[in-house]
Structures are given as C-alpha cells and as structure tokens.
Amino acid sequence: MTPAPPPTPSDGPPTGPRPGSSGGPSAGPSAGPSEEVTAPGATAPPRTPPPADEPPPAADAPPLFGPGSRFHSFADDPRWALALIRATVLEAAHPQVGAALADNSTFVTHPWRRLRNTFRSLRRMFGADQAAREREAARLNRLHARMSGTDGRGRGYDAMDRPTRAWVAATLFESTVTMCRLSGQPLDPETTERMYAEYRGFLAALDGDADELPPTVSEFWPYFDRVVETELENTEAARIILYHLFDHLPAPALFEGAPTLWAAGRAVVGPLLGAVTVASLPEPYRRRAALPELPGARTLMRGAYLTAGLARFLPPGWISAESILDLLFLSPGSDDPRTRTVTALRDRMRRAGALLRLLTPLAGAAEGPGPGTYPGAPADARTEARTGTGPATFARRTAEEFFRTVLDQTGDGRLDWPDLAAMARELATRLDLDEPEETRLYDAFAAWWRELQAALDTDGDGWISAREYAAGVPSLAGPALIRVAEVLFDATDRDGDGAIGADEYHALFRTAFRRDLDTTGGGYGRSAFVGDFLAFMSGRRSGTPYDPLLADA
Amino acid sequence: MGVTEEPGSGRVRTGADAGPDDGGARPVPRHVACVMDGNGRWAQSRSLPRTAGHQAAEAAVLDVIEAARSAGVAWLSLYAFSTENWNRPGPEIDHLMRLVRRVVRKHAPLLLARGIRCRFLGVTDPRVPRELARDFADLTLLTEENRGMTLTVAFDHGGRRDIVEAARALIRGGVTADEVTERTFAEHLPHPDTPDVDLVIRTSGEQRISNFMLWQVAYAEWVFPEALWPDFRAPDFLACLHAYRRRDRRFGGLPAPTNGAPR
C-alpha cells in the first residue's frame, strides 16, 4: 500500500521553471499512469509512455500538485461547495461507499467536523509537500483499513476496495468538470486533461497506482457513464444526504448561540440545496434512483452554480475556504482573537432574539392554564434566570443528552463500535498520530467498547441503547476507560515529559490553556488529565474543554 | 458600577461603608429592597376582587423603579412572590402569573432603554409557567449588559431555600468544614455579586421579615410605611430614603462591614 514514489527531486519551488516532478508522486513504480500526466492535449504526442523512472518530458508543465495545480484553482471557489455535495452524493450512491458511510460515518451528526477533516486531508493530498502527502495517504489507508463489514442486504463492503476508491476520485473529478459546465465556464480540453491527471495522481498516492481509472479523459467518460448506469443505487446514505442532512444540519460552533437564526436559515437553504443537488445529478442516476423532477429545479440549479461562480469577482481573501472553515469552528471558549468579536456579535444576536420574543404580542387571554399543569420551566431558562452558581461549577447534563451529543457519534440512536471508532478517529486526526500510537489508541477504545458492552448491554443485542446507558452510567468509569485516558495522554504528550505543554494542549483542544491550568506552571499533568477526562466521560460535565473535542457538530 | 464586575460577594462592600457624610446625613442606600405588601387589602377596602389590587400595583412598581434610579440607588430588589404565596387560591395565582407576564413584556423595552439590569431571584418551582420563565430569561438576557441600576425581582423566592441551596452547593463542591466561612457561604448564594441590603421598605404597616433574602438583610435598616403598596408612590419612596439617611447605622459598633465577611 505504500505509494513508493520514484526518487526524483520532486517538489521544487512551485513557481520554478523546471520542477521536474510533474508525474513523480503519482507515477509509482508502474509506468502506466504517468503518461497523460504530462500530455496536455495537443502539445504532447498522445499516449507514448515514457520510461518509468524518469521525469516526464514536458519541461514547461507546472508540478502536478502544489499551489499551481488545477485542484488549487478550485479549492477556494464557492461553486466547489456545490460540486463537493454532488460528488458526495455520487459516492454515497455507490453500494460499497454507501454501506461504509451508513455504518461508520459521522457526517449526519458531525458534518462540520467531517467537512473540516476532509478539507484538511485534500489539502495535504494535493499540497506541494511530497512527504506530507505520503504520510496523509498512509493515514487515510490506515483509517479506511479499519472500515469493513456488511451492508443491510448482507453484501460485504471494504473501504480498501480498489475500484471503489477509484470511483471516489472519479466523482471528484467529474463533479469539478460538471460544475464548470453548469456555471457556463466549461474547461478547455487541456485543463481537463491536466486535472484528470491530478486526480489520477491523487488515487495513485493512495493506492500505489491509478490503474483502476482509465488512462485518458476520453476513456474516462464511458467508464463514468457505465458505473452511473449499472452500479449506482438509491442507497440509504445517498437518500440521507439528499433529504435528511440539509434539513437537519446541526449548527457549527459559530452559530451555536443563535439556534433560532440557524434554524430559520436552514429551513430556507436546506431544501434548496437538496433540489439543486438532485437537479445536478446525472440523468441516468436520477432515473434509476427515482429522484423527483421538480419544475424549475434545473433552472434553479443553473442559477445557483452561476451565482456561486460570480463570487470569483470578490476579493480573494473573502472566499478562502480555509478561513471560512476556521471561522465556523470558533467556539466561545477559544483563544482566537476573532472570538471576542464573534462572541460580542453572538451576544447581540441573542439579545435581539430575546427582545423579539418579548415584543411578540401574546396569543391572548387563553394562554396559561392553571398552576400545576406545567410540567416544569425549561431547564435552560431556569439556569439563565438563576445565574448565581458561579463559573466554578460546570453545568451537569442528563444522561440522554450526553448520549446524544458525545457518545452516539454516528447519530443512529445506538452506541456501538463505530461510535467509539469515530471518537478514536477524531482524536487521532486532531493529534495527527502515526503508528504505533494510532493503533494503541484504537486498541484502548476497543477495550473500552468490550468493557461497555459487558457492563451496559443488558439485553445482549450487541449495541447499547440510550436507556441501557442511562441505567448503567455509574459503571462507566472502569479500568478500560482509564486506560483510554492514559493512552490519550501519552499520545498527546509528544515530547514525553510527563506533562502536556501549551503546544500539545493546543493540538488536542485547539484552544489555549485555561488560566487555572496555566498558573500551575508545569503544564497539564497526567493525573489531572486522566481525572478530567474521566469526569467528562462519566461525570457528564459540560462546559469543559473536552466538550468541543467530541460534541462539536 | 464597577462593583457588579467583581466576582463573589465577599469583596463587595456595602453602600454604607462610605461613612457619614457632612452634616451627619448618610448617603443614599446602595441596596434598597421593597416588600410589596397590601395589594389584597387595597382591593378589599374598595370592594374590588383581590386581583384588582395586583393590577393596581403595576403603577407603584414602575414609579418606585424610576424614583430609585433617579435617586441614585444602585441595587433595587422587589419581593414579588414568595414560596409561601403558592398557598393562595389557584385562580389568584393564575391571574398573578398572567399579570406578571404581561407587565414584564410591556415594560421590557423601557427597562432596556433606561439602562436597568434586570434579573430574577428564585423561579425554580415547576409551577412557574414555562412561558413566564422564558420571558424572565429573555429579560435577563436582554438587559444583562446594562450598567445602570440592577433590579432584582424575587419571584418564587424563599430566603431559607437560598441558604439551603448554598449549603448544598458547598457540600457538592467538596468544601471542607473548616473552609466554610461567612464569605465562602455568601459566594454560594444565588447572585453572589449582590451586596447586603441597606434598607428594606415593607408597605402596609406590616412588620415581618417573611423569609425575604434572609442572608442579605442581616444589617438592613427597616422602615414600615403605612401606605398600601398600590398607593405607594415616588414621594413615599423618597421619604423612606430620607428616613434611612437620618438613622445612625453602627453595625454593632464596628465600621465598614463587608458582605458576609467575618467581623
């Protein structure tokens, strides 16, 4: 599975005249895929394979990856958001991907986290840094190697299946091309060829070679049409993305304080996004999956792509996908300088909401039946009205809430291994773990899962329901959970000095030390870390730094 | 109003600690509390239903808020509904809840514009209607940035319950017996930034404490005007302030006590 790139002096300065590595990272030991990498349309003789171990001949071609690549010219394009959604639906419509998504993915409950991780990963895969790409590819392979199983109809799936992985690269490429077509700025053949080469390079970096994708664009289209017409299905995962995800999209951290605003915006945008995505899917798939043809949907879809395309006239800093994503993840406790502004803005929005509610005329004299008929004032209203508890006491939450926001990562209402695997995955991603730390973390979570199953799965059906969890909460802090905390501590403590320093802390929590930790000088010690982790996992404390770690959407 | 920023009541000093100013008259009390008594009697003396008395109280409340604000009172507390008031007849409670909700919503913009920070003490009983609790929370949220007078409305409040809650919070926080002082105890009361009450006005001539902010009234001066609350107006309020300023507060012969601090 190692990509084994040729020993070319790859990745010179991206703007340099002779990068010389145009096909390097993608080529791998097999000569096959590297030819059309450097054969941009008319200039180069089509399909004459160069020797495997030499850099391709086209000296003027920019490097395949890095800032000059086609991928990067679209990364900040707002249209790409639409194209990515479309690509994700096409991926999910593949029975293999769909089954893996339905079982393992957290994108329904934590779509923003997933988006951010995907974005980071693509950045690395298409970045200029060869070593980072190899590392990321190895990480992705480890991640996917842990995913396999059987779908609802008993068919096996495996996230390492090579044709399936080729399909993922194919949807990304095809959606980018289609995005340009739909917004009225089709790509010229040269650019298309180049971009195709990049995506084949992406696949080769993952899989060692790109043999599963046809070598040229002209051969790609029959391949794509064939898969769409014969292999894609109306999978559950695709349906969830089209009809459930946008209507129930949880608010990112930035909007957490303004649920009314978020829900209002979502009610308008969600169905529109769904309609736009459906209309942009290939016609054969829409027919096969029996997706609705709404009048005006195609016009709407074209309008959406056109409008998003107009954003290219905005100043470049405004539409940087990276900074937008970072902004979405600003949480009130973060040390980011923008937090103050955002917090002030958010407070103002909350106050405006409060004023609006107070100014809304009452429904009439009929409101408010007699005393005793009220089940109880809402907990949040009561705690807001009674703010005297001080900052030292963390709010406690109910077992159901904790189950929903933290434990049930896949959002299917049950706690089973994919939920804990998703936690391990998120932690490993945050800490950017290599082997063997990553496996150690997974093993610790697996041991915890066995412990949980033994303690909480009272009806023995293999998973834990919210009710089983609520009944067995006290037994949650067993030795295996302590072991998870210790392994996590070791993984976070990179320099192994027995304490988590400021940088290590930031890597895990993406925020600076709280002041009370800072004053202790020596960083965050093992026992304090383990204690806090256990308190979070079993004491059900909220408002700690652990909260955004696993509960953020 | 820098005081409001100070965490924990232990460090907040009462308004009286400036000492007597020139001429022997004391400064304006910092924290004034009103026990709004006599609504029912006011209505009965006019052969009206008791609920009419509560309605008439609205004007008095607004008058007193305005008078306190312009007189320079920094903290005003109003005892609107006690935990014992749940024993009243159901229809009267119903009516009261609706009335309070209407008053809160009607005057929210005014309170905001006047720079008054509003908050509520109590409001824990499940019998408090959900909508009312929501409105209380909204008003609190709406005005939390205000730095004018702080208006605390004691609604579904009981002084003993607050003390019990503080004790529970101490035990839950794992505070050892030796660490419990008057100051740490005060820090666990609801709204710990509230300073001690300097002056309590109880209308209608009744002379009882009635379980009102028991911890905070430890050194309060009390005045008992004869007026029933619906008749109580700004001049009456100013008269009470005047009476307070004529009094000689000695705090048991010691100067400058702090809220809950050991003496």
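In this predicted model, E221(B) touches D198(B), L199(B), Y244(B), R247(B) and R249(B), if residues up to four places away in sequence are not counted. The residue is found in strand β6 of chain B, and it counts as buried because 21 C-beta neighbours lie inside 10 Å, where 20 or more are needed for that label. E221(B) also appears in a database record, since UniProt, in an unreviewed entry, lists D37(B) and E221(B) under "binding site".

## Annotated residues of chain B

D37(B) is named in a further annotation, for the UniProt "active site" feature, again from an unreviewed entry, covers D37(B) and N85(B). These two positions span 49 residues in sequence, yet their C-alpha atoms are no more than 12.1 Å apart, so they gather at one spot.

Where along the chain does D37(B) lie? It is placed in the loop between β1, residues 31-35, and α1, residues 39-45, of chain B. Leaving aside its neighbours within four places in sequence, D37(B) is in contact with R202(B), T203(B), S204(B), E206(B) and W229(B). N85(B), for its part, lies in the loop between β2, residues 75-82, and α3, residues 90-113, of chain B.

The table below sets out the burial of several residues of chain B, including those named in the annotations.

| Residue | C-beta neighbours inside 10 Å | Class |
|---|---|---|
| D37(B) | 21 | buried |
| N85(B) | 17 | partly exposed |
| H191(B) | 18 | partly exposed |
| N211(B) | 16 | partly exposed |
| E221(B) | 21 | buried |

A residue is called partly exposed when its count falls between the limits for buried, 20 or more, and for exposed, 12 or fewer; with 17 other C-beta atoms within 10 Å, N85(B) is therefore partly exposed.

## Backbone and overall build of chain B

Two residues in the table deserve a remark about their backbone. H191(B), which is not a glycine, has a positive phi near 50°, and its place is in the loop between α6, residues 182-187, and β5, residues 199-202, of chain B. N211(B) is not a glycine either, although its phi is positive at about 65°, and this residue lies in the loop between β5 and β6, residues 221-223, of chain B.

Taken as a whole, chain B has seven helices and six strands, and from the N terminus on these elements run β-α-α-β-α-β-α-β-α-α-β-β-α. Of the 263 residues in chain B, 46% are buried. Among the contacts in this chain between residues at least 6 apart in sequence, 77% join residues at least 24 apart.

## Helices of chain A

Chain A offers examples of how helices are covered and how they pack. Helix α4, residues 95-104, is mostly covered, with nine of its 10 residues buried. The buried residues are Q96(A), V97(A), G98(A), A99(A), A100(A), L101(A), A102(A), D103(A) and N104(A). They pack against several elements of chain A, namely α3 (79-92), β1 (148-150), β2 (156-158), α7 (162-182), α10 (236-245) and α18 (417-431).

Which residues are buried in helix α22 of chain A, residues 502-509? They are E504(A), Y505(A), L508(A) and F509(A). Seen down the axis of α22(A), the buried residues fall within an arc of 115°, so they line one face of the helix.

A pair of helices in chain A shows packing between one helix and another. Helix α19, residues 437-456, and helix α21, residues 479-492, pack at an angle of about 165°, with their axes 8 Å apart. Because angles over 145 degrees count as roughly antiparallel, α19(A) is described as roughly antiparallel to α21(A). The contact is made on the α19(A) side by E437(A), R440(A), L441(A), A444(A), F445(A), A447(A), W448(A) and E451(A), and on the α21(A) side by A480(A), L481(A), R483(A), V484(A), V487(A), L488(A) and A491(A). The crossing of α19(A) and α21(A) is left-handed.

Notes. Residues are numbered from 1 along each chain as its sequence is written. Chains are lettered from A and ligands numbered from 1 in the order in which they are written. This is a predicted model: local features need pLDDT of at least 70, side-chain atom pairs count only at pLDDT 80 or more; totals for chains, interfaces and linings use all residues. UniProt positions are given in the numbering used here, feature names are shortened, and annotations may be inferred rather than shown by experiment. Helices (H or I, at least four residues) and strands (E, at least two) are DSSP runs, numbered from the N terminus. Two residues are in contact if their C-beta atoms, placed from the backbone, lie within 7 Å. The arc is that of the directions from the helix axis to the C-beta atoms. Axes are lines fitted to C-alpha atoms, for helices over the stretch in contact, and angles run from 0 to 180 degrees between N-to-C directions. Angles under 35 degrees count as roughly parallel, over 145 as roughly antiparallel, 65 to 115 as roughly perpendicular and the rest as oblique. A crossing is left-handed if the near helix is turned anticlockwise from the far one by less than a right angle, and right-handed if clockwise.
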